[in-house]
Amino acid sequence: STVANDDAGKMVLAHFTIPTGASVTYLAPDGKYYPLTDVYGPADTGFPVTSTTSNFKATFASAGPYTVTVDFKLLDGTLVATKDITTTVN
């Protein structure tokens, strides 16, 4: 989930650092999950920062700790926000 605060309406791209041994998919408006690569959003325009919730699924190759990092950046590369999502697979 994101909360827009002072960044509401800014056009951004979400840059994902996905660790080796993990794959991530995202839920699209059509109700299907699609593979996520390192950048999410339209490259030429980005998408506006809003208060919203997005759904992702991760699959892991083996047990152990994993961290996925999401950096929200303006189209010029300026970092707006970052979030680390850590999980341990048993």
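The exercises below treat the fold, the largest pocket, the nonpolar core and selected residues of one predicted model.

Residues are numbered from 1 along each chain as its sequence is written, and side-chain values use heavy atoms, with hydrogens and water left out. In this predicted model, local features need pLDDT of at least 70 and side-chain atom pairs count only at pLDDT 80 or more, while totals for chains, interfaces and linings use all residues.

**Exercise 1. Describe the chain as a whole.**

Step 1. Begin with the secondary structure, where helices (H or I, at least four residues) and strands (E, at least two) are DSSP runs numbered from the N terminus. The chain holds zero helices and eight strands, and its pattern along the sequence reads β-β-β-β-β-β-β-β.

Step 2. Turn to the dimensions. The C-alpha trace spans about 40 × 30 × 20 Å along its principal axes.

Step 3. Consider the surface, computed by the Shrake-Rupley method with a 1.4 Å probe, where for residues only the protein chains shown count as cover. The accessible surface of the chain is about 5900 Å², and carbon and sulfur atoms hold 55% of that area. Buried residues (buried means under 20% relative accessible area, exposed over 50%, partly exposed in between; 1.4 Å probe, protein chains only) form 20% of the 90 residues.

Step 4. Examine the contacts, meaning heavy atoms within 4.5 Å. Of the contacts with a separation of 6 or more, 63% join residues 24 or more positions apart.

**Exercise 2. Characterise the largest pocket and its lining.**

Step 1. Fix the term. On a 1 Å grid over the protein atoms alone, a pocket is an open set of points where a 1.4 Å probe fits, with protein on both sides within 12 Å along at least five of seven lines; lining residues have an atom within 4 Å of a point.

Step 2. State the volume, which is the space filled by probe spheres set on the grid points, these being joined across faces, edges and corners. For the largest pocket this space is about 1000 Å³.

Step 3. Identify the lining. It has 36 residues, and Ser 1, Thr 2, Ser 54, Phe 56 and Phe 72 lie nearest the centre of the pocket. Two or more residues come from each of S1 (11-17), S2 (22-27), S5 (47-48), S6 (56-60), S7 (64-74) and S8 (79-89). S8 gives the largest share, six residues.

Step 4. Classify the lining residues. Ala, Val, Leu, Ile, Met, Phe, Trp, Tyr, Cys and Pro count as nonpolar, Asp, Glu, Lys and Arg as charged, and the others, Gly among them, as polar. The lining then divides into 24 nonpolar, 10 polar and two charged residues.

**Exercise 3. Locate the largest nonpolar core.**

Step 1. Apply the definition: buried Ala, Val, Leu, Ile, Met, Phe, Trp, Tyr and Cys residues joined through side-chain atoms within 4.5 Å.

Step 2. List the members. The eight residues are Ala 14, Phe 16, Val 24, Tyr 26, Ala 28, Leu 36, Val 68 and Val 70. At least two of them come from each of S1, S2 and S7.

Step 3. Follow one member. Setting aside residues up to four places away in sequence, Leu 36 touches Phe 16, Ile 18, Val 24, Thr 25, Tyr 26 and Phe 56.

Step 4. Set this in context. In soluble globular proteins, nonpolar side chains tend to be buried together.

**Exercise 4. Decide whether Thr 50, Asn 55 and Thr 86 are partly exposed or exposed, and place each one.**

Step 1. Thr 50 lies in the loop between S5 and S6. Thr 50 is partly exposed because its relative accessibility is 37%. Beyond four places in sequence, Thr 50 touches Thr 2 and Ala 4.

Step 2. Asn 55 also belongs to the loop between S5 and S6. Its relative accessible area is 38%, so Asn 55 counts as partly exposed. The C-alpha atoms of Asn 55 and Leu 27 are 5.5 Å apart, although 28 residues separate them in sequence.

Step 3. Thr 86 is in strand S8. With a relative accessible area of 54%, Thr 86 is therefore exposed. Apart from neighbours within four places in sequence, Thr 86 contacts Tyr 66 and Thr 67.
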